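Trainee: I would like a close look at one small part of this structure. Please pick a single spot, start there, and then show me what surrounds it.

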Amino acid sequence: MSDKPEKFIDENGLRLDGRRVNEMRPMKMEIGVLTRADGSCYLEWGKNKVLAAVYGPRELHPRRLQKSDSALIRYRYNMAAFSVEERIRPGPSRRSIEISKVSREAFEPVVMTHLYPGAVIDVFAEVLQADAGTRTAAINAASMALADAGIPMKGLVSACAVGKVDGQLVLDLDKPEDNYGDADIPMAMTSDGEITLLQMDGDVTQEEFKKAIEMCKEGCRQILEMQKETLKKKFTKLEEVEISDDEEEVDVSALVECTLASEEEVDDVSEDALGEGATGDDEDLEDSDIEEDLEDSDIDEDLEDSDIEEDLEDSDIEEDLEDSDMADEDAEGDEEDELEESFRNLEETDIPEDDKEKIV
Amino acid sequence: MEREIVIPGQLLSENKTDSGPGTYVKDGNVYSLLYGVKNAKNKISVIPFSGKYIPSPGDYVIGTVIEVTPSNWIFDISSPYDGLLHVSEYPRRVDQDKMTEIMDFGGSALLRIKDVSSSMKVELTMRERGLRALNVGRIIEITPAKVPRVIGHGGSMVSLLKKETNCEIFVGQNGRIWIRGKDGEMDLLTEAIELIVKHSHKSGLTDRISLFLKGGDDVVSEKDEPFLKDDLAKDAEDECEIREETYRKVDALLEDDG
């Protein structure tokens, strides 16, 4: 308790890390960071670093846990052993089990579990670096990961905390404020303003509590905006997003029938080919093979011309272009090259062999 | 047509009759359930970017045997729910002890979903023309959400792929695609399908793929060109900087000498 700050808020109304009372720590997030998971999100919030992964809906084992009318949500909140200065004993603890439970319940009202009876949706939230407010950070990350996994939800869930330090309510506590402050109220909210998680430790008056809820809601709204932005910007890099007119309307069955019908024909042909050796089809194929070969050899020649011994076409093209550019520049700037070289010579005591030649 | 990336909980319409797949109605307003692209044709629907395959009756799927019981083959259909194929749903009469001879653990088959119960018990059938066990070819897995793009408008994409690669293709609605042909052609087709999945949100997809299949690497170079240009521009800039810096240093050195 020796490192408790004397004052949390200075005379200018700024907190220890320079934030105003209603200002959050900077947050940044990225979705789709894990390729094996169905959905994932990496979130940094101040000094918090959280990674969330979603698997499912998938088959639930053991079967006795299955719910016949809806999917089960399993939420695992875990702090990495190295996430704080003092090593945390790995494995579930009283604290992490409790947080897992309340976080799961924060999602249950929004996830459309009844669409997947008997299945399970696994959410893993791993805290890599902790600096107070990790459960809210984990919920924000998990919400994004669920969206990324394509799981139907009524809305996104955002969470943040309000606390009391120096008798004043502040948004989004950091470590010292959490450790030595008077109260901590984490809260999660759906996008239409329903509160799905609310916890409190410490003490506040009724008025303060009401004010804290309002501050939390405002914080959650800000986070929701960031979440929306992150999700929307993922595909804006692509060209115009397009949905073909045929979505949903495709008469797949008719299509498959035609696929199957022609398949059988192809079957016959290929069997003939196998039986009788070369048929017309095969010759055609060979022709195209030869064409491909020719193309290949063309490329090879190009490679020889430019004296580049790399296999990748792309890089070759790149270098070709660069080379030609360089050539132009060489013509223009022989003088400056010489200057450059002489400069290098001055700086480096060893004169490179190339340069020697030129000097001679 | 209006196209827009939407997120869960986003208001799509104030008219509840607009609600289509991937949306829900609350207080007379339509909201999105999914993270995906809004499709505002007739009714508003949301096509997700990702998600698991959920079996529905009548769908064609490709399954892999994970268990053989005395009267059923149990198939993994890359969904949260396994599919059951009863021996009576096999086109021919099969004795119990011959079941593994027809399809054994690990084998794949083209199947149709006969029925899905409310508790998601999935019944499969093979009693239909063209459905059979698969012994040759390859199976590619893609996100089920992209299957409509691989099929294309009225099957245009599949026809194109078949025509250009001489491969047999069967697109299962569970995101598994069976292909069969010569090795090189299957490689090409696999690449083409990867390309479809990668560029599935862009316009002119069929043309792009057609170009890819006909002209070899045209699509790739077309795509990489801007990057190349950017890189070159950057390189040129870098060189300018170096040159200026060099001038300055040389000047300084000359001054020192003087």
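Mentor: Let's begin with B:Ala40, whose bridge partner in β6(B) is B:Ile44. Keep in mind that you are looking at a predicted model. The pair is one place to see how two strands meet: β5(B), residues 36-41, and β6(B) are joined by 6 bridges and run antiparallel. Follow the chain from one strand to the other and you come to a hairpin with 1 residue between β5(B) and β6(B). In that turn sits B:Asn42, with a positive phi of about 55 degrees.

Now widen the view a little. The hairpin belongs to an open sheet of 3 strands in chain B, with the order β1-β5-β6 and antiparallel pairing. Which strands form its edges? They are β1(B), residues 3-6, and β6(B), residues 43-48, and each of them pairs on one side only. From one strand to the next, the twist averages 30 degrees. Is the edge strand β6(B) mostly covered or mostly open? It is mostly covered, as 5 of the 6 residues of β6(B) are buried.

There is another open sheet in chain B that you can set beside this one. It also has 3 strands, in the order β2-β4-β3, and the pairing is antiparallel. Here the edge strands are β2(B), residues 11-13, and β3(B), residues 23-26, and each pairs on one side only. The twist in this sheet averages 45 degrees from one strand to the next. To find a pair like our starting one, look where β3(B) meets β4(B), residues 29-32: these two run antiparallel and are joined by 4 bridges. Within that pairing, B:Val25 stands opposite B:Val30 of β4(B).

Step back to the whole of chain B, and you will find 6 helices and 15 strands. Of its 258 residues, 38% count as buried. Take the contacts in chain B between residues at least 6 apart in sequence: 55% of them join residues at least 24 apart.

For a contrast with the strands, turn to two of the helices. How are two packed helices described? By the angle between their axes and the distance between the axes. Helix α4(B), residues 183-198, packs with helix α5(B), residues 205-215, at an angle of about 155 degrees, and their axes are 10 Å apart. An angle over 145 degrees counts as roughly antiparallel, so that is how α4(B) and α5(B) lie to each other. Their crossing is right-handed. Where they meet, α4(B) brings B:Leu188, B:Ala192, B:Leu195 and B:Ile196, while α5(B) brings B:Leu205, B:Ile209, B:Phe212 and B:Leu213.

One last stop is chain A. The largest nonpolar core has 86 residues, and A:Ala145 is among those with the most contacts inside it. Helix α2(A), residues 134-148, gives this core its largest share, 9 residues. A second, separate core has 42 residues, including B:Val61 and B:Tyr81.

Key: Residues are numbered from 1 along each chain as its sequence is written. Chains are lettered from A and ligands numbered from 1 in the order in which they are written. This is a predicted model: local features need pLDDT of at least 70, side-chain atom pairs count only at pLDDT 80 or more; totals for chains, interfaces and linings use all residues. Two strands pair if DSSP finds at least two bridges between them. Axes are lines fitted to C-alpha atoms, for helices over the stretch in contact, and angles run from 0 to 180 degrees between N-to-C directions. A residue is buried if 20 or more other C-beta atoms lie within 10 Å of its own, exposed if 12 or fewer, and partly exposed in between; C-beta atoms are placed from the backbone. Two residues are in contact if their C-beta atoms, placed from the backbone, lie within 7 Å. A nonpolar core is a set of buried Ala, Val, Leu, Ile, Met, Phe, Trp, Tyr and Cys residues joined through C-beta atoms within 7 Å. Angles under 35 degrees count as roughly parallel, over 145 as roughly antiparallel, 65 to 115 as roughly perpendicular and the rest as oblique. A crossing is left-handed if the near helix is turned anticlockwise from the far one by less than a right angle, and right-handed if clockwise.
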